[in-house]
Amino acid sequence: ALREYAKHCDGLIRMGRVPTARIWRDLEGDLKSWPVLSVSDLPFSGLGRKSALPVPLAQLSEINFEARPQKDRAQNSMASLFDRYPKSEPGMIHFLSQLVPRGSAVFIGNSLPIREWDLAATIEDKNLEIHCNRGANGIDGLVSTFLGMSDSESEAWAVVGDLSALYDLNSLWVAAQVRCQKLRIVVVNNSGGMIFHRLFNDRNFENNHTLSFENWAKMFRWNYKKWSQVPSQLNLPDAACILELVPDPEQTHCFWESYNQ
């Protein structure tokens with residue numbers, strides 16, 4: 001991830017409170033040479049190293065920013081990667097984000113889904129209300145959290161990994177008490193914890209499996225669809241539905257190889 005930051009950035013602007021993202025910790029180590037501009041009404045920089053104190057939020061309009069054009073990376077642009085590898089995991093997340101209806105509430109699961117959504121989701125302003133469980137960053141209880149936050153929504157989507165869903169299979173019992181009818185749980189089934197594949201390249205960390213989620217839907221009388229590619233348009237019932245996304249592992253590998261060039 002640090003290599004990716006260095007490709008595009010050479011400094012950081014913080015707005016508001018101190019974030020919980022990993023990059024903030026990296027500013028004390030591998031990114032210690034980066035200048036940091038904090039814009040906040042809090043009186044501290046939030047960094048252990050020497051750093052300028054925050055600029056008050058009231059002075060935000062007085063700050064002049066100058067962006068330098070990046071090198072031309074047209075051949076490796078994200079758009080071209082999505083088009084070349086539409087069945088890759090990031091590609092499927094990208095096209096899924098385009099299909100989610102405007103104004104929906106969207107809950108993003110921890111581990112790989114939140115990273116891939118941040119990387120690949122459409123930048124179109126769709127007035128989506130994004131939720132997530134960050135802080136402890138675990139995968140326990142993610143489906144339960146989604147159901148709880150969905151109660152007052154007209155349409156709510158969750159995007160979680162397969163292991164996250166397996167950890168919380170029993171949560172769907174409470175769905176009958178949730179007022180929202182259009183519940184959509186997207187399970188990205190890449191047959192294990194694939195975030196660890198790129199980190200360690202050791203199958204012992206991946207918790208591989210050959211399970212499908214169709215019978216999970218049947219058990220709780222939810223509708224079910226399996227997508228090995230994201231369709232061009234949604235055709236979902238006005239009722240709870242589990243959408244199992246099954247990315248192509250070869251396309252996913254090729255996507256990341258191209259992305260890291």
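Here are four short exercises, with worked solutions, on the predicted model shown above.

**Exercise 1. Two helices that meet**

Work out how helix α4 and helix α5 are arranged, and which residues make the contact.

*Solution.* Start by finding the helices: α4 covers residues 89–99 and α5 covers residues 112–120. Next, look at their axes, which come within 9 Å and cross at roughly 65°. Angles of 65 to 115 degrees count as roughly perpendicular, so α4 is roughly perpendicular to α5. Then check the handedness: α4 passes α5 in a right-handed crossing. Now pick out the side that each helix brings along. From α4 you get E89, P90, I93, H94 and S97, while α5 brings L112, E116, W117 and A120. Finally, sort these contact residues by type, and you end up with five nonpolar, two polar and two charged.

**Exercise 2. W222 and its neighbours**

Decide whether W222 is buried or exposed, and list what it touches.

*Solution.* First, place the residue: W222 sits in the loop that links α9 (214–219) to β7 (223–227). Its relative accessibility is 9%. The cut-off for buried is under 20%, so W222 counts as buried. Now for the neighbours. Leaving out residues up to four places away in sequence, W222 touches L147, L172, A175, L183, I185, A217, A240, C241 and I242. Take A240 from that list: A240 is 18 residues away from W222 along the chain, yet their C-alpha atoms are separated by 5.5 Å.

**Exercise 3. S33 and D162**

Decide whether S33 is buried or exposed, then find how far apart the C-alpha atoms of S33 and D162 are.

*Solution.* Begin with the location: S33 is in the loop between α2 (22–26) and β2 (36–39). With 65% relative accessibility and a cut-off for exposed of over 50%, S33 counts as exposed. As for D162, 129 residues along the chain from S33, the two C-alpha atoms are separated by 38 Å.

**Exercise 4. Mapping the nonpolar cores**

Describe the largest nonpolar core and say which element gives the most to it.

*Solution.* Count first: the largest nonpolar core has 27 residues. Those with the most contacts inside it are L96, W117, W157, V159, V186, L243 and F255. Next, trace where the core comes from. Elements supplying at least two residues each include α3 (78–84), β3 (105–108), β5 (155–161) and α10 (249–259). α4 gives the most, with four residues. Zoom in on V186, which touches L96, W157, A158, V159, V160, L243 and L245, not counting residues up to four places away in sequence. One last step: a second, separate core has 26 residues, among them A175, V178, V187 and F213.

Methods:
Residues numbered from 1 in each chain as written. Predicted model: local features only at pLDDT ≥ 70, side-chain atom pairs only at ≥ 80, totals over all residues. Heavy atoms only, no water. Axes fitted to C-alpha atoms, helices over the stretch in contact; angles between N-to-C directions. Parallel < 35°, antiparallel > 145°, perpendicular 65-115°, else oblique. Left-handed = near helix turned anticlockwise from the far one by under 90°. Contact = heavy atoms within 4.5 Å. Nonpolar A, V, L, I, M, F, W, Y, C, P; charged D, E, K, R; others polar. Buried < 20%, exposed > 50% of the residue type's maximum accessible area, 1.4 Å probe, protein only. Core = buried A, V, L, I, M, F, W, Y, C linked by side-chain atoms within 4.5 Å.
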